[in-house]
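Biologist: I have a fold on my screen and a few questions. Can you walk me through it?

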Amino acid sequence: MISVNQAETIILDLIQPVTDTETVDLHNAVTRILATAIKSDLDFPYWDNSAMDGYAVRYEDVTNPPLNLTIVAEIPAGKVPQKTISQGEAARIYTGGMLPPGADTIIMQEYTQRQGDRLVILKAPKAPQAFVRKKGEYYQPGNPLLKEGITLSAAEIAVLATIQVIDIPVKRRPKVAILSTGDELVNPSQPLQPGKIIDSNQYALYAFVLSQGAIPIPLGIVPDNPEELRDKISQAIEVADIVLSTGGVSVGSYDYVEQILKELGAKIAISSVAVKPGKPLTVAKFPQGCVYFGIPGNPVSALVSCWRFVQPAIAKLSGKQQPWIPQWLAAENLQTLKSTSDRETYVWGRLNIHQGVYQFKLASGSQNSGNLINLAQTNAIAVIPRGNNTIVEGDKIMTLITK
Ligand code: AMP
Ligand code: MG
């Protein structure tokens with residue numbers, strides 16, 4: 001059985017980032033991955049302007065206050081100054097207003113007194129250019145601005161708007177097909193007959209895929225029937241970059257997934273991983289590029305497998321910049337955790353911040369891979385490494401944020 005880290009490497013090696021791009025507008029750019037590096041031929045600020053409500057003056061006129069200047073112009077933001085400031089003159093100016101020719105310094109309103117068109121300067125500015133936002137101070141034309149592969153959020157979208165990029169090149173979203181296998185499964189809207197189980201994985205995985213910025217393609221429930229499963233998997237690999245199926249990958253008599261993948265020409269890269277929960281993980285690649293994850297059916301195993309193994313795959317596939325692998329967070333462990341397994345063991349709970357320090361609290365109730373009830377309202381998983389079977393209370397534990 002391969003280790004979790006080996007599985008992670010194998011999975012990332014199977015994935016090629018998407019190359020297709022599309023264009024979105026500024027309202028639809030959030031969470032999208034920028035497809036090309038962006039530069040601008042504009043300066044930012046676009047021109048010298050005032051950082052304060054106050055008065056635009058010549059520095060050399062105001063070094064020895066108190067003194068008097070004549071107010072010769074008024075410059076609200078958005079108006080082009082019409083007058084050059086000469087010796088002994090000042091212009092009333094507002095935040096964002098263009099600096100008038102001749103002036104090089106702003107005096108804050110608070111350090112002045114005005115009587116009609118006379119201005120008394122009460123305090124000298126610290127230096128020339130005080131409270132002037134200089135043209136090109138933050139960005140000059142042609143310099144690198146936004147990198148390819150970044151995830152766009154509020155600040156980057158503000159930059160794109162500012163430089164007038166309104167058709168934003170982004171990577172296409174990966175398509176991820178989802179199917180649930182099992183004779184026992186029924187939809188949530190169907191009556192629950194004895195012996196049946198509601199297909200919760202379909203919805204859990206749909207939500208997970210959406211949260212990763214990919215497009216989920218829900219393909220429903222497939223019974224444990226090799227022909228139907230073969231048809232559904234064939235359909236899935238036609239429409240998706242990644243297929244996620246749950247169930248049917250254990251050693252039970254009704255677990256057909258791996259055999260069908262082979263029959264359909266896929267190369268099996270992983271058959272099981274030394275991880276708990278989630279050991280019977282099947283990962284395969286089809287000749288046309290689609291990567292298949294056969295995930296165990298137990299609801300907790302399914303989500304832990306998604307967080308640990310599918311998340312990096314979707315990240316790389318999306319064309320995101322590295323890191324693709326999960327970013328671990330050290331936390332103080334609030335209870336002694338024992339693992340009796342020689343597999344890397346994941347437990348679930350809450351990561352809280354207490355006096356600036358992350359603390360991991362195990363979810364109460366059974367840590368059983370079938371217990372989807374206490375997985376709800378957790379926000380993290382924590383790892384008990386192989387060969388280190390106890391992490392005592394107060395020790396450091398490594399955690400992954402799951403929401
Ligand atoms: P399997 O991996 O097919 O052996 O399934 C293991 C366990 O997970 C069984 O108890 C199943 O009933 C349960 N299970 C399988 N698929 C799902 C699903 N889609 N939603 C909820 N539970 C499931
Ligand atoms: Mg099954």
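**Cysteines, helices and buried residues**

Biologist: How far is the sulfur of Cys306 from the closest cysteine sulfur?
Modeller: The distance is 15 Å, and the partner is Cys290. That is too far for a bond. Keep in mind that this is a predicted model.

Biologist: What does a disulfide join, anyway?
Modeller: It is a covalent bond linking the sulfur atoms of two cysteines. The cut-off used here is 2.5 Å between the sulfurs.

Biologist: And how many disulfides turn up in the whole structure?
Modeller: Zero. From the side of Cys290, the closest cysteine sulfur is that of Cys306, at 15 Å, so no bond can form there.

Biologist: Is Cys306 buried or exposed?
Modeller: Buried, because its relative accessibility is 0%. Cys290 is also counted as buried, at 2%.

Biologist: Helices next. What two things describe a packed pair?
Modeller: The angle between the axes, and the distance between them.

Biologist: Then what are those values for H3 and H6?
Modeller: H3 covers residues 201-211. Its angle to H6 is about 25 degrees, and the axes are 11 Å apart. So H3 runs roughly parallel to H6.

Biologist: Which residues of H3 make the contact?
Modeller: Asn201, Ala204, Leu205 and Phe208. On the H6 side, the contact includes Cys306, Trp307 and Val310. So our cysteine from before, Cys306, is part of this contact.

Biologist: How many of the residues in the contact of H3 with H6 are nonpolar, polar or charged?
Modeller: Ten are nonpolar, two are polar and none is charged. The crossing of H3 and H6 is right-handed.

Biologist: What about H1 and H6, at what angle do they pack?
Modeller: About 30 degrees, with 9 Å between the axes. H1 spans residues 4-14, and H6 spans residues 299-317. These two helices are therefore roughly parallel as well. Their crossing is right-handed.

Biologist: Who makes the contact between H1 and H6?
Modeller: From H1 come Val4, Asn5, Ala7, Glu8, Ile11 and Leu12. From H6 come Arg308, Phe309, Pro312, Ala313 and Lys316. By class that gives seven nonpolar, one polar and three charged residues.

Biologist: Arg308 caught my eye. Is Arg308 buried or exposed?
Modeller: Buried, with just 1% relative accessible area. This arginine sits in helix H6.

Biologist: What does Arg308 touch, beyond residues up to four places away in sequence?
Modeller: Val4, Asn5 and Glu8 are among them. Pro326, Trp328, Tyr346 and Leu400 complete the list.

Biologist: New topic. Where does Ile270 lie?
Modeller: In strand E16, residues 267-270. Ile270 is buried, at 2% relative accessible area. Past its neighbours within four places in sequence, its contacts include Ala7, Ile10 and Ile11, plus Leu281, Thr282 and Val283.

Biologist: How far apart are Ile270 and Ile197 in space?
Modeller: Their C-alpha atoms are 28 Å apart, and 73 residues separate them in sequence.

Biologist: Last one. Where is the place of Leu146?
Modeller: In the loop between strand E9 and helix H2. E9 is residues 132-133, and H2 is 154-162.

Biologist: A loop residue, then. Is Leu146 buried or exposed?
Modeller: Buried: the cut-off is under 20%, and Leu146 has 10%. With neighbours within four places in sequence set aside, Leu146 is in contact with Leu34, Ala37, Ile38, Glu156, Val159 and Leu160. Its C-alpha is 10 Å from that of Ile157, eleven residues away along the chain.

How values were computed:
Residues are numbered from 1 along each chain as its sequence is written. Chains are lettered from A and ligands numbered from 1 in the order in which they are written. This is a predicted model: local features need pLDDT of at least 70, side-chain atom pairs count only at pLDDT 80 or more; totals for chains, interfaces and linings use all residues. Side-chain values use heavy atoms; hydrogens and water are left out. Axes are lines fitted to C-alpha atoms, for helices over the stretch in contact, and angles run from 0 to 180 degrees between N-to-C directions. Helices (H or I, at least four residues) and strands (E, at least two) are DSSP runs, numbered from the N terminus. Angles under 35 degrees count as roughly parallel, over 145 as roughly antiparallel, 65 to 115 as roughly perpendicular and the rest as oblique. A crossing is left-handed if the near helix is turned anticlockwise from the far one by less than a right angle, and right-handed if clockwise. Contact means heavy atoms within 4.5 Å. Ala, Val, Leu, Ile, Met, Phe, Trp, Tyr, Cys and Pro count as nonpolar, Asp, Glu, Lys and Arg as charged, and the others, Gly among them, as polar. Buried means under 20% relative accessible area, exposed over 50%, partly exposed in between (1.4 Å probe, protein chains only).
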